[in-house]
Amino acid sequence: MSYAVTRPEVDPDRVGIWGSSFSGGHVLTVAANDRRVKAVVSQVPFVSGPLSLARTVRPDFAAPLREQLQADRSHRFAGGEPTVIPVVSDNPFGEAVMPMAEANAYYTANASPEPSWRNELTVRSIELIGEYDPSSHISRVSPTPLLMIVARYDVTAPAELAFAAYEQAREPKGILVTDGGHFSVYDGPRFEQCSTAARDHFRIHLGIG
């Protein structure tokens, strides 16, 4: 943002930020801590690492994951390469960062064909995700106007966590609840619905005609 406001085409008094999924959590953190932000849209947001992992890591995988984290710390300290695990898997009983069927379907259709895509994430990243809690910042986003967009059937960034975080936010705030799952907002009619709502939020609160 510090770079963006130096650009001649950017009005530093009308800066809005938009984030989706993991970056939907980032924008909450940024808006709470940087008053240069004048409007924020958080779409299908990741709002709590500890609570999300508690919902997405199967109980029988919890202990092995902790063992992996501990082994990876020692391995990296000794100069080894970071340990990785799959992001998604078509095996419902397989190990994956996002074990949900909706995530596997989306990444298989959209990310896998990309030549740079690798279906892996470091174990260290999971550890950091578990420490990251954007919801702890959300009450301080105010007085910056907030629009939160939540997919009613989202299990990847659990909808119930987003609803609970929204209750902690202070006015001015608004919420759009769309049907579908986490990835339904990226194309088709729900993309049109969500992108239109985000555009209108910025137009209103940034004074854009």
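This is a short walk through a predicted model, moving from its aromatic pairs to a few charged residues.

Let's begin with the rings. Searching the whole structure turns up nine aromatic pairs. One of them joins Tyr106 and Tyr186, whose ring centres are 6.0 Å apart and whose planes meet at 45°, a tilted arrangement. It is worth finding both partners along the chain: Tyr106 sits in helix 4 (residues 101-110), while Tyr186 belongs to the loop between strand 6 (173-178) and helix 7 (188-206), so this pair ties together parts that are 80 residues apart in sequence.

Stay with Tyr186 for a moment, as this residue has another ring partner to look at. Phe183 and Tyr186 also form a tilted aromatic pair, with 6.5 Å from centre to centre and 50° between the planes. How do these residues stand with respect to the surface, buried or partly exposed? Phe183 has a relative accessibility of 11% and therefore counts as buried, because the cut-off for that class is under 20%. Tyr186, by contrast, counts as partly exposed because its relative accessibility is 28%, and Tyr106 falls into the partly exposed class as well, at 24%.

If you now step back a little, these residues turn out to belong to a cluster: ring pairs link Tyr106, Tyr107, Trp117, Phe183 and Tyr186.

An aromatic ring can also be met by a charge, and Tyr166 offers an example to look at. Lys173 lies over the face of the Tyr166 ring, 4.4 Å from the ring centre.

Next, turn to helix 5 (residues 123-130), where you will find Glu127. Is this acidic residue buried or exposed? Its relative accessibility is 13%, so Glu127 counts as buried. Which residues does Glu127 touch, once those up to four places away in sequence are left out? The contacts are Leu69, Arg73 and Arg76, so a reader viewing this helix may like to display those three side chains alongside Glu127.

Finally, go back towards the start of the chain. Arg7 lies in the segment before strand 1 (15-20). With a relative accessibility of 34%, Arg7 counts as partly exposed, because that class covers values between 20% and 50%. How far is Arg7 from Phe202 in sequence and in space? The two residues are 195 residues apart in sequence, and their C-alpha atoms are 19 Å apart in space.

Conventions. Residues are numbered from 1 along each chain as its sequence is written. This is a predicted model: local features need pLDDT of at least 70, side-chain atom pairs count only at pLDDT 80 or more; totals for chains, interfaces and linings use all residues. Side-chain values use heavy atoms; hydrogens and water are left out. Helices (H or I, at least four residues) and strands (E, at least two) are DSSP runs, numbered from the N terminus. Buried means under 20% relative accessible area, exposed over 50%, partly exposed in between (1.4 Å probe, protein chains only). Rings of Phe, Tyr and Trp (its six-membered ring) pair if their centres lie within 6.5 Å; planes under 30 degrees apart count as stacked, over 60 as edge-to-face and the rest as tilted. A charge sits over a ring if NZ of Lys or CZ of Arg is within 6 Å of the ring centre and within 35 degrees of the ring normal. Contact means heavy atoms within 4.5 Å.
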